[in-house]
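Dear colleague,

Please find below the structure I am handing over to you, together with its sequence. A summary of the findings follows.

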Amino acid sequence: MQRDSSSSHTEASDKSIGNPKEELEKIHDKIHTKLSTNGDSHLVEEIRDTPGGDLTKITTTDIEKQSSPQPQDSELNVDGGYAWVICFACFLLNFSTWGMNSGFAIYFANYLNNNTFAGATKMDYAYIGGIAFGVGLFCSPAINFIQGKIGTRPTIIVGNCLQFTGLMLASWSRKLWQLYLTQGLIQSFGLAFISIPATTVLPQYFKKKRILSGGLSSAGSGVGGICFNLGMQHVVESKGVFWALRVQSIIGFGLTWIAISLIRSRSKAHKIQFTAFDSAVVSSAAFWILSFFVITCMFGYVIVLYTLAQFTTSMGYSEYQGSIVSAMVQLGSCCGRPIIGLLADKFGGATVSVVAYTVVGTLCLAMWVPARNYATIVAFAIIQGALMGSIYGMIAGVVARTFGLRKMNVAFSMIWTIMGAAGLFSPVIGIKLTKGNGAILDPGSYINCSIFAGVSFLACAGSLLLLRGYIKARDHLQVDQHTDSDQGDYTGINVPFKSVITSCFKTSHEKT
């Protein structure tokens, strides 16, 4: 009985092995049929052609392993895992760029009040501040092209070296033209070469938590602003303004290298476009709506950021108290941006930012204009800091939502060109609107400046509401075309203006 069972088992095994040629062909046909349904019939031929390949040894597990789609790099660590390391790296980069740049108000006040550079006027320092903020960003398309050629890390390394060189040379500058070249032009390109790759790499790692991650990383500029405003003010008072520049350059250089060691890019997985210009993006109505939002937002943002310290001293307070006010803007920033990001991921980036900039514009008119004491201006600085920098947390997510991930870099770089131009002239506009020489004790001399900033913020809120309506109307037209907004290409879509207006307050399954 046992022998019969063994014999039966052997026969079954021989049959399953299928040694005869016709059995091999049957197995081949069955496997080919199963794999062809998924377009993977080539796998059989690959196994057959492989040295030692034997179709008789193919199992169901082998078939499933070969035919099942393997997870791509772009699908790994999304909204978690190493994505948060990338977020931390971007936090450090924002700390070392925008955080340091916000400390310019300290140098501005010191240069102006102590006549550090003979013959220099408040307009000179306003131009230097504008150059440091805007010229590098104005060249964003070229930087985006360079990033595509040499990679994300090398681009940031170039920026780190430029920023360090600019600030260190500024500490040895004794003539005004040298300050224009170092703390203005060289630092500007350093900031741009670091911040542009840092801003565009983060959305590659996040989907559902994209704006929250943007808020957390952009909070680095707030933390940096606090550290550099208060820390460098102390160095200025104890060692002098030039030593403050040296200390700042060394700190930024070291922290940026830590971020460089952590940063990774997924540009190849997402097939991101690194061209300097895209006519299809420029011809889109959404591009110009977003551009107007950026211009008006920068007018208000830079004026408030660079003016509050001077406004504080105009009320009779000390430079140190002015630096405290500047630090309060950054305190509000590092606390408010993550909260704004959390709310934006729940309700939509454009939706939350419309509310934020409406509040910011209203407070410029209702709180800054009549402010005549220290407590009021400190409270104003904290609230403004929490809300007016919402653009840095939401802009990458909104650009990706508007144009898709593939065109995000090229769209972002062209929009930042406009941001750079706005940032370049914003300090100059603020100074022109200020009465007197900027050092007089008359807070009323800043009334035109505060009104202009308030109106700019309200205009940017209105344009963002219009962009929200555009995206909602466009999604309605494309409802059957795709399921993931990141993968879409929306540059050739015509959205009726009436639909844009009527969709401004509409809701949908995908947040805007």
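**Cavities, a helix and a surface patch**

Nine cavities of 30 Å³ or more are present in the structure, which is a predicted model. The largest cavity holds about 180 Å³ of space. It is lined by 19 residues, and those closest to its centre are N94, T199, G214, S217 and Y392. Four elements give two or more residues each to this lining: α5 (83-96), α11 (176-201), α12 and α19 (390-403). Among them, α12 supplies the largest share, with six residues.

Helix α12 (residues 210-238) deserves a separate description. Its 29 residues should span 42 Å at 1.5 Å a residue, and its end C-alpha atoms are indeed 42 Å apart, so the expected and computed lengths agree. The helix is mostly covered, as 21 of its 29 residues are buried. After α12 comes G240, which has a positive phi, near 110 degrees.

On the surface, L365, I447, I451, V455 and L458 form a nonpolar patch, and their accessible area together is about 350 Å². Helix α21 (residues 447-477) contributes the largest share of this patch, namely four residues. V455 is located in helix α21. Is V455 partly exposed or buried? Its relative accessibility is 47%; because the partly exposed class runs from 20% to 50%, V455 counts as partly exposed.

With kind regards

Definitions and conventions: Residues are numbered from 1 along each chain as its sequence is written. This is a predicted model: local features need pLDDT of at least 70, side-chain atom pairs count only at pLDDT 80 or more; totals for chains, interfaces and linings use all residues. Side-chain values use heavy atoms; hydrogens and water are left out. Patches are made of residues with over 30% relative accessible area and no salt bridge: like charges are joined within 9 Å, nonpolar side chains (Val, Leu, Ile, Met, Phe, Trp, Tyr) within 5 Å. Accessible areas come from the Shrake-Rupley method with a 1.4 Å probe; for residues, only the protein chains shown count as cover. A salt bridge is a side-chain nitrogen of Lys or Arg within 4 Å of a carboxyl oxygen of Asp or Glu. Buried means under 20% relative accessible area, exposed over 50%, partly exposed in between (1.4 Å probe, protein chains only). The expected span of a helix is 1.5 Å times one less than its number of residues. On a 1 Å grid over the protein atoms alone, a cavity is a set of points where a 1.4 Å probe fits but cannot get out, and a pocket is an open set with protein on both sides within 12 Å along at least five of seven lines; lining residues have an atom within 4 Å of a point. Grid points are joined across faces, edges and corners, and a volume is the space filled by probe spheres set on the points.
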